[in-house]
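Me: I've got this model loaded and I'd like a close look at one helix and the contacts around it. Take me through it in one go, and keep it relaxed.

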Number of protein chains: 2
Amino acid sequence: MRMRSVLRYFLRDRASRLYSSSAAAEAQAVRPARDRILTLQSMNPQVRAVEYAVRGPIVIKAGEIEKELQQGIKKPFSEVIKANIGDAHAMGQQPITFLRQVVALCTYPDLLDDPRFPQDAKDRARRILESCGGQSLGSYSTSQGITCIREDVARYIERRDGDVPSDPDNIYLTTGASEGIANILKILVSGEGRSRTGVMIPIPQYPLYSAAISELNAVQVNYYLDEEHCWALDASELRRALYQAKEYCNPKVLCIINPGNPTGQVQSQRCIEEVIHFAREEGLFLLADEVYQDNVYSQDCQFHSFKKVLHEMGPEYSSNVELASFHSTSKGYTGECGYRGGYMEVLNLHPDVKAQLVKMLSVRLCPPVSGQAAIDVVVNPPQPDEESYQQFIQEKEAVLSTLAHKAKLTEELFNQVPGIRCNPLQGAMYAFPQIIIPPRAVEKAEELQMAPDMFYCMRLLEETGICVVPGSGFGQREGTYHFRMTILPPVEKLRLLLQSVKDFHVRFLDEFS
Amino acid sequence: MRMRSVLRYFLRDRASRLYSSSAAAEAQAVRPARDRILTLQSMNPQVRAVEYAVRGPIVIKAGEIEKELQQGIKKPFSEVIKANIGDAHAMGQQPITFLRQVVALCTYPDLLDDPRFPQDAKDRARRILESCGGQSLGSYSTSQGITCIREDVARYIERRDGDVPSDPDNIYLTTGASEGIANILKILVSGEGRSRTGVMIPIPQYPLYSAAISELNAVQVNYYLDEEHCWALDASELRRALYQAKEYCNPKVLCIINPGNPTGQVQSQRCIEEVIHFAREEGLFLLADEVYQDNVYSQDCQFHSFKKVLHEMGPEYSSNVELASFHSTSKGYTGECGYRGGYMEVLNLHPDVKAQLVKMLSVRLCPPVSGQAAIDVVVNPPQPDEESYQQFIQEKEAVLSTLAHKAKLTEELFNQVPGIRCNPLQGAMYAFPQIIIPPRAVEKAEELQMAPDMFYCMRLLEETGICVVPGSGFGQREGTYHFRMTILPPVEKLRLLLQSVKDFHVRFLDEFS
């Protein structure tokens with residue numbers, strides 16, 4: 001009976017990959033399209049082509065199931081667990097106290113005389129407010145972001161990279177990292193037909209990249225990470241992808257995600273050197289998505305920024321290779337997704353283009369100023385001689401050590417399941433295990449006009465309430481199947497969740513073998 | 001000597017309309033372009049074509065002058081007054097206490113037990129937090145925005161429009177109004193050559209529209225507001241513009257700004273009826289930019305929302321005309337620009353397109369959650385039986401009555417200057433006076449490869465420190481010249497500012513006649 005309801009959903013939905021026929025849309029009475037100016041046929045075809053699996057049909061379905069649970073409809077589970085998205089606070093992670101204190105003080109400066117707030121938080125809030133027009137978070141900042149915060153970002157980068165100089169004028173505060181990435185891609189794309197800009201992205205990738213590429217009518221050029229070697233990036237694969245792409249487009253951008261999303265891979269210094277060398281040789285603009293730079297768990301791994309490695313390769317590289325790197329308040333140990341804070345550092349940008357970038361950014365006026373205040377705490381946390389240091393360090397380390405524990409736990413438990421194979425989660429906050437889907441299940445999925453891993457994940461959701469994202473939303477080698485799951489639920493819940501996935505997987509194999 | 005320095009600036013800058021040669025860019029050592037992948041030639045030409053005067057070359061120049069003043073360089077003035085942008089708090093307007101209390105409580109929930117915060121603010125904060133994942137502002141919200149806030153928006157619209165129903169499912173919270181407008185335009189544009197989407201915009205316009213149209217490679221279709229009749233919109237002018245545009249593009253969007261930016265005009269119910277009738281007849285998607293809906297000063301005027309008028313015209317219209325309308329935390333009496341909060345209500349959107357819109361919005365994950373909390377206060381302010389009501393009403397009315405006073409003052413003082421003519425400022429927060437520029441000054445400007453009103457505004461800035469935006473940045477009938485100035489400085493400062501403009505104008509006429 002339950003299976004029938006799942007099937008009905010699939011059939012009603014036909015191809016659930018198409019949002020156009022999503023249940024949310026169908027919930028409204030469909031009016032005759034002839035009356036509408038804006039239809040699927042007349043709308044922007046590049047927007048129509050966008051796919052974004054992290055909030056795709058499976059998440060829409062999860063929302064429906066949540067509503068059904070609220071209405072008292074019986075399910076074999078009591079809650080939906082949204083392991084589809086890296087949303088730390090939603091999974092129970094607590095905010096870093098110091099960050100919230102600084103932002104609250106900026107928001108309501110009457111609190112600056114409140115003895116319950118520590119002096120170091122007040123000092124930071126005062127400094128931020130002094131850089132705001134009218135000393136108010138409610139003023140627009142400059143388009144590039146508040147100057148003193150950009151200075152703090154530059155100093156943070158210098159500390160991180162062992163005193164490699166950073167110029168605040170190369171720093172741009174952003175509305176989360178996503179906006180920065182989309183804007184850098186926007187300024188880079190041009191051309192028609194075979195001259196269209198090719199953007200090289202890893203497979204698997206974070207689907208912001210494919211979405212932005214679709215929207216900008218650029219060409220997605222896939223290079224495959226090596227699952228057999230812990231999702232490592234291999235320069236010869238970059239070369240293969242580039243040369244094939246040159247047949248049909250003009251590849252000029254190379255995107256790297258390190259630590260990897262969804263793979264969790266942390267790149268070695270040597271790998272990064274090879275990538276930079278390749279970019280220099282082939283004339284590629286580098287985009288380094290480094291939002292998980294604080295999320296490294298494996299003892300054998302260390303985060304190396306592209307900026308630092310670029311500098312160490314000498315002036316031939318450091319003065320020439322164009323590099324944009326991104327960071328965010330949303331990940332790391334703060335997990336402040338809602339503030340939409342972030343920054344990018346853009347190196348070796350031609351001054352004319354820099355002026356164009358600032359102009360383009362000025363149209364959106366400024367990034368959210370409270371998000372700017374939040375990123376300031378990320379890059380300028382309490383120092384050992386400051387009042388808030390002890391509490392801050394405790395909170396930070398509790399988050400990071402718990403994540404490290406969960407990374408290990410997830411890898412271990414997945415690898416105990418027959419038909420699931422999971423690389424070590426060296427960093428970031430996701431597992432991306434490979435799953436066996438038996439041929440009969442693949443056939444069933446094809447009947448239903450679904451990707452096999454979408455069929456798998458929909459079944460997982462319907463039977464267990466666990467919401468994960470099919471690997472097809474990130475890209476994977478043909479014939480392999482994966483899903484992405486965050487490791488953010490609290491340890492005990494995560495353990496139960498992994499057990500549920502295991503039981504489901506065994507049942508699924510059983511049913512379709 | 002001073003004039004020479006101005007001229008040097010202009011000459012060095014050549015055409016200061018081009019950002020590519022802006023002083024900011026020149027401040028960096030220009031590296032040889034051959035080394036760069038991303039150059040003016042190779043970058044996205046649609047981005048290159050964008051102009052955004054509100055933060056354009058004149059504002060860059062103002063920033064430079066501010067730095068010179070800080071360095072102790074003598075000027076005929078002691079400060080730069082940025083009357084270029086509607087940035088209320090930067091001009092000294094104080095935040096609405098209740099709004100900041102609610103946002104601070106959401107930011108730092110420990111304050112929920114603080115007796116210094118009023119109960120009604122705590123109630124609202126608790127309600128918002130209960131709708132946030134993990135009860136934290138740091139969680140992502142749904143792509144459309146927090147449900148309870150969208151419900152509050154819908155109820156606000158119903159109250160505003162005399163109980164015309166509003167469905168929270170048609171409400172989308174946005175990152176300021178700008179993001180909403182850009183996104184609706186993005187989903188609307190399509191086609192190549194003569195099929196390219198034409199977007200009708202008023203002239204003068206707010207340059208977000210022209211910027212978005214450039215970036216999207218759509219066609220800007222100008223309709224002119226009637227300066228002789230207080231910048232009224234005339235349906236016959238809409239018809240002229242539409243029919244001419246049909247020769248070379250596919251006009252399918254009509255943008256309205258009411259109250260007007262930069263014109264300050266407030267449209268009559270009758271005018272809005274005509275516009276809606278026209279849109280229905282000609283098959284146009286309506287965009288109503290209503291961010292100044294609370295900023296109406298003239299006793300003879302009243303704000304009528306497009307939604308309300310649409311409803312009053314009967315089901316033939318209200319069930320068919322596609323309408324997106326926009327509101328913001330940045331204007332009104334709150335002036336909270338930095339929070340980047342806002343909403344849009346989209347009516348009669350085809351369900352398939354709605355699903356596409358939500359998909360597109362999901363790529364940016366969510367609007368800043370603190371901005372969502374801020375818009376909640378805008379639409380759900382303290383009620384007469386609540387603790388904070390008295391203070392709230394006092395603060396609100398103080399802001400609005402001061403703005404009304406400044407609107408009147410500005411109109412009166414400008415109209416006392418020979419060679420300046422200013423329509424009544426019925427609403428919004430700008431004056432857009434017409435200025436006479438003598439033929440000799442026009443010649444001089446042409447020599448310098450500048451628009452004549454840019455030349456005028458640069459001179460005004462250099463001589464008085466007052467930063468206003470040339471009319472050419474908003475559009476104006478050929479041969480007429482204007483500038484846009486905010487009325488946000490405090491009354492006494494505004495009075496001095498207007499006196500300075502007057503003195504400058506008289507000198508300018510004298511010099512060039």
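**Helix α8 and the interface**

Reply: Let's begin with helix α8 of chain A, residues 176–188, which is mostly covered: 12 of its 13 residues are buried. Keep in mind that this is a predicted model. Going along α8(A), the buried residues start with Gly176(A), Ala177(A), Ser178(A), Glu179(A), Gly180(A) and Ile181(A). After those come Asn183(A), Ile184(A), Leu185(A), Lys186(A), Ile187(A) and Leu188(A), also buried. The list takes in Glu179(A) and Lys186(A) along with Ile181(A), Ile184(A) and Leu185(A).

From there, on to the interface between the two chains. Here 102 residues of chain B are in contact with 101 residues of chain A. Together the chains bury about 8,400 Å², and 56% of that area sits on carbon and sulfur atoms. Three residues stand out on the chain B side: Ile37(B), Leu38(B) and Tyr140(B) supply 9% of the area that chain B buries against chain A, more than any other three residues.

There's plenty of polar pairing across the interface as well: the rule finds 53 residue pairs in polar contact, both at pLDDT 80 or more. So which helices of chain B each supply at least two residues of the side that touches chain A? They are α3 (45–48), α5 (97–107), α8 (176–188), α9 (208–215), α14 (351–363) and α15 (369–379), and the α8 in that list is the one in chain B. The largest share comes from α14(B), with 10 residues. By residue type, the side of chain B that touches chain A divides into 46 nonpolar, 34 polar and 22 charged.

Salt bridges cross the interface too, and the rule finds 6 of them between chain B and chain A. One pair to zoom in on is Asp114(A) and Arg116(B), whose side chains meet in a salt bridge at 2.7 Å, N to O. Both residues also belong to a network of salt bridges that links Asp113(A), Asp114(A), Arg116(A), Asp113(B), Asp114(B) and Arg116(B).

Now for how the copies relate. A rotation of 180° with 0.0 Å of shift along its axis superposes chain B on chain A, at an RMSD of 0.0 Å. The two copies are thus related as by a two-fold rotation axis. Ala104(B) is the residue of chain B that comes closest to that axis, with its C-alpha at 2.5 Å. Both copies use the same surface, as 99% of the contact residues of chain B recur in chain A.

Back to salt bridges, this time over the whole structure, where a search finds 56 across all chains. In chain A, the side chains of Asp152(A) and Arg127(A) meet at 2.8 Å, N to O. That pair ties distant parts of the chain together, with Asp152(A) in helix α7 (residues 147–160) and Arg127(A) in helix α6 (residues 119–130), 25 residues apart. Asp152(A) counts as buried at 2% relative accessibility, while Arg127(A) is partly exposed at 28%.

In chain B, Arg127(B) forms a salt bridge with Asp152(B), and the closest N and O atoms are 2.8 Å apart. Helix α6 of chain B holds Arg127(B) and helix α7 of chain B holds Asp152(B), again a link between distant parts of the chain. Arg127(B) is partly exposed, with a relative accessible area of 28%, and Asp152(B) counts as buried at 2%.

Another bridge in chain B joins Arg124(B) and Glu386(B) at 3.0 Å, N to O. This one spans 262 residues, from Arg124(B) in helix α6 to Glu386(B) in the loop between α15 and α16 (389–415). Arg124(B) counts as buried at 7% relative accessibility, and Glu386(B) is partly exposed at 22%.

A few backbone spots deserve a look too. The peptide bond from Asn258(B) to Pro259(B) is cis, with omega near -10°, and Asn261(B) and Pro262(B) are also joined by a cis peptide bond, with omega about 10°. Pro259(B) lies in the loop between β5 (250–257) and α11 (269–282) of chain B, and Pro262(B) lies in the loop between β5 and α11 of chain B too. Then there's Arg340(B), not a glycine, yet with a positive phi of about 50°. Arg340(B) sits in the loop between β7 (323–328) and β8 (341–347) of chain B, and it is buried, with a relative accessible area of 2%.

Terms used
Residues are numbered from 1 along each chain as its sequence is written. Chains are lettered from A and ligands numbered from 1 in the order in which they are written. This is a predicted model: local features need pLDDT of at least 70, side-chain atom pairs count only at pLDDT 80 or more; totals for chains, interfaces and linings use all residues. Side-chain values use heavy atoms; hydrogens and water are left out. Buried means under 20% relative accessible area, exposed over 50%, partly exposed in between (1.4 Å probe, protein chains only). Helices (H or I, at least four residues) and strands (E, at least two) are DSSP runs, numbered from the N terminus. Contact means heavy atoms within 4.5 Å. Buried area is the accessible area (1.4 Å probe) that two parts lose on being put together, summed over both. A salt bridge is a side-chain nitrogen of Lys or Arg within 4 Å of a carboxyl oxygen of Asp or Glu. A polar contact is a pair of N or O atoms within 3.5 Å; within protein, one must be able to donate a hydrogen and the other to accept it, and residues adjacent in sequence count only if both atoms are side-chain atoms. Ala, Val, Leu, Ile, Met, Phe, Trp, Tyr, Cys and Pro count as nonpolar, Asp, Glu, Lys and Arg as charged, and the others, Gly among them, as polar. Copies are superposed by least squares on the C-alpha atoms of residues with pLDDT of at least 70 in both.
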